[in-house]
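Visitor: I have the coordinates open and would like to talk them through. Could you take my questions one by one?

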Amino acid sequence: MRSNRIGLLFVAPFLLPFLIFVVYPLLRSVWFSLHKWDLLGTEKAFVGVGNYRLLAADPFFWSALRNTLLFTFMAVPALVITGLALALVLERPLRLYAGLRAVFFASSVFSVSVVTLIWQVVLDPRRGLLAKAVEVDVLSNRWLAMPAIVVTTVWWGVGFPMVLFLAGLQQIPRAVYEAAQLDHASRWAVLRRITLPALARTTLLVVVMEFIMQFQIFGQVLLLTGGGPSSSTRVLVMYLYESAFRDWQLGYASAVANLLFIAMAVASFFQLRLGAPREAT
Amino acid sequence: MADLVLTDVEKHYGDVAALRGVSLDVESGDFVAFVGPSGCGKSTLLRSIAGLESITSGEIRIGGERADLKAPGDRGVAMVFQAFALYPHMTARENLAFGLRNIGLPKDEIARRIGEAARILKIEPLLERRPGAMSGGQRQRIAIGRAIVKEPKLFLFDEPLSSLDAALRVEMRSEIVRLHQRLGSTMVYVTHDQVEAMTMATHIVVLNAGRVEQVGTPLELYRSPCNVFVARFLGSPPMNVLPAEVEKNGGARAELRAADATIAVDRAIPVGTRLFVGVRPEDLHLADDGPFRGEVQVVERLGHRSLVHLSRGDQTLVAECPGDVPVHVGEQIAVAPRERSFHLFDEAGLAIGGG
Amino acid sequence: MGKKLRPVPVEVIAITLVAVLWMLPMLWITALSLQPNRALLRATPLIPTQVTGENYARLFAVSEVPRWLLNSAIVALAITLLTLILSSLAGYAFARIAFPGRKAVFALVMAGMMIPEQALLLPWHEMFASTHLHNTHAALVLPRISGAFGVFLMTQFFKGIPREIEEAAELDNAGRFRTFITIMLPLARPALTTLGIFTFLGAWNDFFWPMVSATRTEMYTITIGLASLQGNFAQSEGLGFLMATVIFASLPVIVLYVIFQRHIVRGVAGGLGA
């Protein structure tokens, strides 16, 4: 018989960095969060759950959470609905549509700095693409900054939900549509009674995945508004970033990071539960 | 070429026994078929011989050498898999050469062996092709070629024809038999198809629930099955088996009653004994005065023969008649057995000699 | 055949218009990158009145962009190569070798997929700070080869390869490692391609960690370099130059996308999405 222990040898090259750069840091992060830990090295004291208590009483934290949720609740539906609409229209096997699908997906491959540079120029009040039509400085406007970030995000990331919906649409058997045609169903009836219900599972999965991604928004805010105007776009990850690398409060920032981790882990768990049975269908 | 000896081979998966005390002698040069219903352990037994499964206890000897402790590659066996298991990214030649390179055979020896196998199997034109560009039958030949070039002591076949279509299956069947005759190697062949076993093998091993039910030549097994299971497993349509009771015992002759018919057997059995009587469909023929009467349920007309299903109460009999038969569904008919064509089994299903 | 749904022309025209609008920002900045910076102070038209290549020429002459691109290439290629090696090795073992503790280790690795990078970033920062490894390529590469996703993908893939093929190799006297190299890896080419593309794109576009770790401009990746240029275009005369930088910096991913578009889309729809 072959010895199975050799399996450990195959796994070891991955497991080593995994333990060093994932498992250990995770424990370390918990450790940090229980300390008042100044990254500049002057101060390190055990404070127990003190950082979490501070966090609960910190209005900036709550405001960051509120901004994050505000962004998420705008961006996720926008992404899901736009992605679904594009998928429904572009599903048909036309050569032109294959090209258009490629166009809508293309921006997904850019980095956040490319995307934000483009949109910063587009939204520029003096020389931007919309400068003649809109005379406001969108990114410095308390009410328009966040929607502008949402628009940027949708432009950047709509390809992902679109492709998932296209995949979901392809799983609907042709015969169902043919049966509906024999039943004299109108296009609208087919969409409402057949297509959309068949996409229910995909939609739920897309919503959860987008929630996980968008909740972690950081780059667009940092590069487009820097959290402003007057903190109206300061989101959680940005708050974490500033606590750690501007204020150098490692313990406090770790507490934020750990809360974020728990929230994301719960959502991911939900996603895995959703994703698993989907493979069977 | 070598013989294969299994002694008390057991294989357990946790509490489940897949093989229970399998002992077997396969002589050098034999073509042995393992048959049995799915889950009977025939594949497990073959894979245990190959070394792809470890056995829980017992001993496997190939050519006199203890094999069950060796690695699969060191046992001197070659295997042809059900789905062929060719390496899809290699040409046929590379497929054949892979195992030979791994044991460090010199290049010219590898070339010689591949050349010879290719000639035997007529696969020379395929050697530079990949499996993806071949038909099922061609892949089958490459898979057999991969076994031949190893010049193994023992060939193992794991249902190798089940992924081919019906016509090709018949063709490959005789091709494998010819190959066996030409190479004279010991071959072990797993199949669930009793026709394959009957037509190809020199010996058949019938397995059921992890046990060997009976071993013998195809005709031995067909003529004298040792129990009801073997009797019904070999032969298509299967043997008719009816519960019966002895009514009279007259010295060397007994009369029994089965399915409302009285039949006589040349054997002394105490009155009142309950047993099973078996008769093969081809041993029944239409006869107005036959002992088995019943209503025709179905007639399957196959051209060269017809299968007549008749029922009497809750008993059903199948009679196989040559050519066409002038009977209709719903008609009352009678069938009679040929002389001395009965198989008798005791209440536990074990054969007690023919009658 | 019955009647096929005939495309409604209005619909086709409408969605094509939307797509053109969608591309407008890209088309526009391409146009900007081809115009002289001085002209752009007056107007920023979609259709250039004057066309010049000087913005691109200056890119090589004066900027740090080539250096940043080189950093990105080194880092992204190293991450991709290492990820492919480590993921396929581990994935094969998880899929096919019943080594002691396999289930527990696999569960641990899968749980690793749920961890957002922000939760690990501060400890990484401290680790590399205390070993004085910030502002090195290694600091950008090492944390990125610990991702569990590749292992997941390769495990799934290897599970799908028929066991018989491996058993045939076993009977052909091939050991585990030889089987892995000569049989399993060649069979895994489609999965490795998909994983390679996504790993490369992810590494190339990586933002948060490189921004934290690479603080010296000569160690910037292109993604961080571009981020550092934000905000100073409005007052500067270098709008065309900046846009040329954006376009040039995006060329590698654009080329990759054009070549591997099918792979990428299929990857999102299949392995990565669900």
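Guide: Happily! Let me start with a term: buried area is the accessible area, taken with a 1.4 Å probe, that two parts lose on being put together, summed over both. Please keep in mind that this is a predicted model.

Visitor: With that in hand, how much area do chain B and chain C bury between them?

Guide: The contact brings together 24 residues of chain B and 15 residues of chain C. Carbon and sulfur atoms carry 59% of the buried area. The total for chain B and chain C is about 1700 Å².

Visitor: Which three residues supply the most of the area that chain B buries against chain C?

Guide: One trio supplies 28% of what chain B buries against chain C, more than any other three residues. Its members are B:Tyr87, B:His89 and B:Asn102.

Visitor: Which residue of chain C forms a salt bridge with B:Lys150?

Guide: Between chain B and chain C the count is two salt bridges. In the one formed by B:Lys150, the closest N and O atoms are 2.7 Å apart, inside the 4 Å cut-off. The partner is C:Asp172.

Visitor: And how many residue pairs are in polar contact there, and which element of chain B gives the largest share of the side touching chain C?

Guide: Chain B and chain C have 13 residue pairs in polar contact, both residues being at pLDDT 80 or more. On the chain B side, α1 (42–50), β6 (77–80) and α2 (92–102) each supply at least two residues. The largest share, three residues, comes from α2(B).

Visitor: How do the residues on that side of chain B divide by type?

Guide: Sorting the side of chain B that touches chain C gives three classes. They are 15 nonpolar, five polar and four charged residues.

Visitor: Let's move to the other partner of chain C. What area is buried between chain A and chain C?

Guide: Here the contact takes 94 residues from chain A and 97 residues from chain C. Carbon and sulfur atoms give 76% of the buried area. The area itself is about 8200 Å².

Visitor: Which residue of chain C meets A:Arg92 in a salt bridge?

Guide: The count between chain A and chain C is three salt bridges. In one of them the side chain of A:Arg92 takes part, with an N to O distance of 2.7 Å. Its partner is C:Glu11.

Visitor: Which helix gives the most to the side of chain A that touches chain C?

Guide: Across this interface there are 12 residue pairs in polar contact, with both residues at pLDDT 80 or more. The leading helix on the chain A side covers residues 6–33 and contributes 21 residues. That is helix α1 of chain A.

Visitor: How many of the residues on that side of chain A are nonpolar?

Guide: The side of chain A that touches chain C includes 15 polar and 10 charged residues. The nonpolar ones number 69.

Visitor: On to the rings. What kind of aromatic pair do A:Tyr241 and C:Phe208 form?

Guide: Over all chains, the structure holds 35 aromatic pairs. A:Tyr241 lies in helix α12 (residues 236–245) of chain A and C:Phe208 in helix α12 (residues 208–213) of chain C, so this pair joins two chains. The centres are 5.8 Å apart and the planes make 65°, over the 60 degrees that the class requires, so the pair is edge-to-face.

Visitor: Is C:Phe208 buried or exposed?

Guide: The relative accessible area of C:Phe208 is 3%. Since the cut-off is under 20%, C:Phe208 is buried.

Visitor: How many residues apart in sequence are the parts that C:Trp68 and C:Tyr220 tie together?

Guide: The two rings have their centres 5.7 Å apart and their planes at 45°, so the pair is tilted. C:Trp68 counts as buried at 5% relative accessibility, and C:Tyr220 does too at 13%. C:Trp68 lies in helix α4 (residues 65–96) of chain C and C:Tyr220 in the loop between α12 and α13 (222–229), so the parts tied together are 152 residues apart.

Visitor: One last stop: which backbone nitrogen does the side chain of B:Thr186 reach?

Guide: B:Thr186 sits in strand β8 (residues 186–190) of chain B. At 0% relative accessibility, B:Thr186 counts as buried. At 3.0 Å, its side chain reaches the backbone nitrogen of B:Gly29.

Terms used: Residues are numbered from 1 along each chain as its sequence is written. Chains are lettered from A and ligands numbered from 1 in the order in which they are written. This is a predicted model: local features need pLDDT of at least 70, side-chain atom pairs count only at pLDDT 80 or more; totals for chains, interfaces and linings use all residues. Side-chain values use heavy atoms; hydrogens and water are left out. Contact means heavy atoms within 4.5 Å. A polar contact is a pair of N or O atoms within 3.5 Å; within protein, one must be able to donate a hydrogen and the other to accept it, and residues adjacent in sequence count only if both atoms are side-chain atoms. Helices (H or I, at least four residues) and strands (E, at least two) are DSSP runs, numbered from the N terminus. Ala, Val, Leu, Ile, Met, Phe, Trp, Tyr, Cys and Pro count as nonpolar, Asp, Glu, Lys and Arg as charged, and the others, Gly among them, as polar. Rings of Phe, Tyr and Trp (its six-membered ring) pair if their centres lie within 6.5 Å; planes under 30 degrees apart count as stacked, over 60 as edge-to-face and the rest as tilted. Buried means under 20% relative accessible area, exposed over 50%, partly exposed in between (1.4 Å probe, protein chains only).
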